[in-house]
Amino acid sequence: MSTNGRRVWWSAGVVFSALVLAIPVLVIVGFVFVPSGDVWRHLADTVLGDYIRNTLLLMLGVAFGTLIGGVGTAWLTSMCRFPGRGFFEWALILPMAMPAYIIAYTYTGMLDFAGPVQTTLREWMGWRFGDYWFPEIRSLEGAALMLALVLYPYVYLLSRAAFLSQSLCVLDVSRTLGNGPWRTFFFVALPLARPAIVAGLTLALMETLADYGTVQYFGVQTFTTGIFRTWFGLNNAAAAAQLAAMLLGFVLVLIALERISRRNARYHDTSQRHQAIRRYHLTGWRAFGAVTFCALPLLLGFLIPAGQLTHWAVTIADTAYDATYWRLVRNSLELAAIAAIIALLLAVFLGYGKRLHPTRTVTSAVKVAGLGYAVPGTVIAIGVIIPFAWFDNTLDAWMRATFGISTGLLLSGTIAALIFAYLTRFLAVALQTVEAGLVRIRPSMDEAGRSMGHRPMQILGRIHIPILRGSLLTAMLLVFVDVLKELPATLILRPFNYNTLAVRAYELASDERLADTAPAALTIVLAGLLPVILLSRSITKSRNADST
Amino acid sequence: MKPHLSLLALATAIITTALPVIAAADEEVNLYSARKEELIKPLLDRFTEQTGIRVNLVTDKAETLLKRLESEGINSPADLIITVDAGNLHRAKEAGVTQPIASEVLIAAIPETYRDPEGHWFGLSLRARPILYVEGKVDPDSLSTYEALADPAWQGKICIRSSDNIYNQSMVASMIAADGVEATEAWARGLVANMARPPRGGDRDQIAAAAAGQCDIAIANTYYLAGMLNSGDPSQVAAAEMMRVFWPNQDDRGTHVNVSGIAMTHAAKNKDAATQLAEFLVSPESQAWYAEVNGEYPVLVDAEITPLLQSWGTFKADEVQLSVLGEYGPEAVRLMDRAGWK
């Protein structure tokens with residue numbers, strides 16, 4: 001078979017799988033054409049303005065927080081030397097294991113008017129309500145802070161990988177030209193790392209758009225809460241889907257902006273000569289500043305909430321750690337592992353297909369496959385239920401008519417449907433990571449491979465995958481942790497008698513028993529920790545292996 | 001072509017392991033429940049012990065369970081659905097995914113207002129939503145009706161959660177039924193003006209805020225108050241102990257109550273077992289359990305209630321046919337949007 005023939009097959013495969021993955025999103029978008037009565041007029045007259053304003057402000061806040069927190073700490077830990085650097089290098093990823101809704105519950109429990117912090121303050125100072133000002137955690141700013149605290153690791157991870165893999169020659173040239181660390185950072189490293197930083201930021205913002213738990217609990221009216229209210233409160237599925245489609249509009253704008261800003265710039269290294277990094281040695285107040293800067297997100301995003309959860313788990317919650325409990329742990333881990341492996345394979349397949357044959361069709365198909373990340377889990381789940389049940393019922397009707405056998409529901413209510421929903425929802429994470437890794441490999445590497453007579457598959461296996469090892473692992477573990485934390489799609493799609501840790505934590509939380517959620521929440525965090533630490537170790541190692 | 005192969009192998013593995021296990025010959029019943037696992041599973045276990053019928057359970061919010069039922073159609077595995085409010089039961093009936101249960105036991109046990117006239121759904125437990133006030137700060141004589149809470153005298157003194165919540169939606173729906181849309185909207189504006197803070201958090205948060213001094217009264221379901229008293233968390237217990245229950249509208253229609261209830265699905269395949277389970281859930285033993293474990297009021301008139309519930313006194317409940325809550329639900333949401341109730 002000619003190389004061209006093979007490429008066509010590959011492209012066709014990419015387009016097909018991307019479209020299958022996009023089914024749930026397409027189902028929702030399909031609702032756009034269903035008339036929704038006068039609900040839009042009502043929304044426009046009353047709450048739509050708030051939804052748009054709050055969503056934009058929330059995104060702005062999260063972007064600001066994750067960029068400063070993520071890029072700043074990534075630069076410090078990869079390029080500077082200061083006390084505790086080795087610790088921060090891996091510990092800074094820890095907040096990623098913390099689901100946003102859990103951190104929101106935890107901080108509310110601590111900082112609310114009736115919580116221990118304010119109560120203690122009142123007791124000490126003899127204040128009463130209205131006597132003093134205290135920041136309101138359950139607000140738009142609070143929601144942005146909560147989300148930024150658990151989402152900055154995306155930016156951190158991706159920009160750190162970019163800093164580490166930047167050809168040292170470039171940074172050295174910058175130094176020999178007399179640029180100090182600040183100038184090198186702003187004028188050389190930062191622009192070079194832009195694709196990775198933007199990829200991380202896009203992930204964080206899409207996750208922000210999809211968040212329901214935090215904004216709902218904080219009473220911040222965004223698109224996501226609006227979708228639920230319109231769907232269930234106003235009982236209007238069409239208008240809700242139309243709101244969801246508008247939400248996707250936000251994402252498309254986001255992606256377009258990123259593309260425009262990138263234009264035709266290329267970011268791959270022209271040299272593979274990486275040497276051990278000569279880090280800037282920080283001393284005195286600079287070292288102190290660096291430690292504080294790195295400690296803050298870790299403390300707020302992980303140590304304090306984890307500490308509070310532990311306190312609750314020990315003092316208040318009564319949970320039997322019996323067989324049922326371990327079953328939850330097993331289910332959670334199983335689902336996360338299966339979804340992570342499939343997502344990785346798909347991401348490599350799609351990402352590499354796009355590199356191989358970057359036509360308009362392939363590129364847009366890959367983009368569509370990643371859209372699900374910004375869609376709230378419940379919406380995705382409904383987008384899975386409708387076509388799956390349709391397929392099952394159609395097949396059943398046909399089998400009955402033809403053979404007199406009822407096949408019943410084959411896919412609906414199975415783990416397969418659930419995994420499919422995870423893939424739709426989280427493929428973007430794996431895809432972004434794999435693609436960000438792929439663009440850094442010179443096309444001349446592919447050409448060299450081809451000139452030696454290798455087929456695309458061999459080039460992928462022998463050249464790209466070994467170089468990409470770090471990115472692939474990152475992609476897989478990111479999906480793993482995301483699935484572990486996922487709630488709404490799991491709730492609605494899971495089979496009978498099948499629960500996960502997230503479901504357990506949610507059930508207690510929605511019963512307003514925050515303290516009782518602590519054991520399940522902590523277990524999610526712990527289960528997420530291992531891959532997160534593994535991830536961070538391996539990135540450091542792969543970097544060291546590269547540089548020898 | 002290695003990745004292709006492994007992908008295929010994985011997909012096959014998943015599909016085969018995920019295929020529903022073909023049920024063994026023994027009897028079972030499949031339940032979709034909006035009651036949380038912890039608030040239903042013990043009863044189901046007892047049912048299995050007594051009858052040998054296995055109960056398979058999925059829990060989720062009622063709205064999404066309904067969507068699942070609707071999409072699955074006649075092939076749905078679910079035999080029964082339990083929700084925690086009448087609005088969603090009504091919606092299920094309207095969507096055509098339920099069927100009547102012909103059971104003398106259910107009809108005899110459950111008062112008429114708490115079940116569907118055509119037998120499509122039956123209430124299992126009552127959830128009252130009265131006014132809770134801080135003892136010593138509010139003179140109970142100054143309280144009378146929900147309607148009176150719109151009076152400017154209460155400015156900055158009321159805590160209530162978001163209008164996203166179904167309990168508020170149903171409460172407002174019951175007011176629409178009693179007072180009409182216009183009067184209720186005017187009332188909602190007045191209530192919003194009297195709120196001590198923008199709505200946030202759940203019912204327990206309102207109680208805690210009142211106890212901490214942020215407001216004088218909270219509107220909340222009583223079982224949250226019971227839950228706080230039984231929580232074992234000293235700060236929650238202390239907060240709940242400062243609160244007293246006031247039953248509003250005792251001189252007219254009565255205090256707003258909602259039900260958690262059960263319906264048989266249109267697709268039910270284990271009808272006998274499903275009927276047995278529904279009947280078991282209104283047995284005196286099960287009814288006492290709701291009060292004991294979750295502080296809800298039994299739907300069975302002469303069921304035992306706990307000393308705690310007794311201490312809050314008896315009350316007259318709003319006798320509006322509960323399917324009305326479902327009918328007026330969407331209108332209630334629009335009204336609250338217009339009134340600026342976040």
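**Close-up views of chain B**

**View 1. B:Y32 and its partner in β3(B).** In this predicted model, B:Y32 stands opposite B:I81 in β3(B). The strand β3(B) covers residues 80-83. Its pairing with β1(B) is parallel and runs over 3 bridges.

**View 2. β1(B) beside β2(B).** These two strands also pair in the parallel sense, here over 6 bridges. One residue pair can be picked out: B:S33 has B:T59 of β2(B) as its bridge partner. From β1(B), the chain passes through helix α2 of chain B, residues 41-51, before it reaches β2(B). This β-α-β crossover is right-handed.

**View 3. The surroundings of β1(B).** Strand β1 of chain B spans residues 28-33. How many of its 6 residues are buried? The count is 5, so the strand is largely enclosed by the rest of the structure. The cut-off for buried is 20 or more other C-beta atoms within 10 Å of a residue's own. In a regular strand, side chains alternate between the two faces of the sheet.

**View 4. The side of chain B that touches chain A.** Here 57 residues of chain B are in contact with 53 residues of chain A. Which elements of chain B give two or more residues to this side? They are α1 (2-18), β2 (54-59), α3 (62-72), α8 (203-212), α9 (222-229) and α14 (323-339). The most comes from α1(B), with 7 residues. By class, this side of chain B has 22 nonpolar, 17 polar and 18 charged residues. Strand β2(B) thus appears in two views: it pairs with β1(B), and it is among the elements that give residues to the side touching chain A.

Methods
Residues are numbered from 1 along each chain as its sequence is written. Chains are lettered from A and ligands numbered from 1 in the order in which they are written. This is a predicted model: local features need pLDDT of at least 70, side-chain atom pairs count only at pLDDT 80 or more; totals for chains, interfaces and linings use all residues. Two residues are in contact if their C-beta atoms, placed from the backbone, lie within 7 Å. Helices (H or I, at least four residues) and strands (E, at least two) are DSSP runs, numbered from the N terminus. Ala, Val, Leu, Ile, Met, Phe, Trp, Tyr, Cys and Pro count as nonpolar, Asp, Glu, Lys and Arg as charged, and the others, Gly among them, as polar. A residue is buried if 20 or more other C-beta atoms lie within 10 Å of its own, exposed if 12 or fewer, and partly exposed in between; C-beta atoms are placed from the backbone. Two strands pair if DSSP finds at least two bridges between them. A crossover is right-handed if, with the strands pointing away from the viewer, the path from the first strand over the helix to the second runs clockwise.
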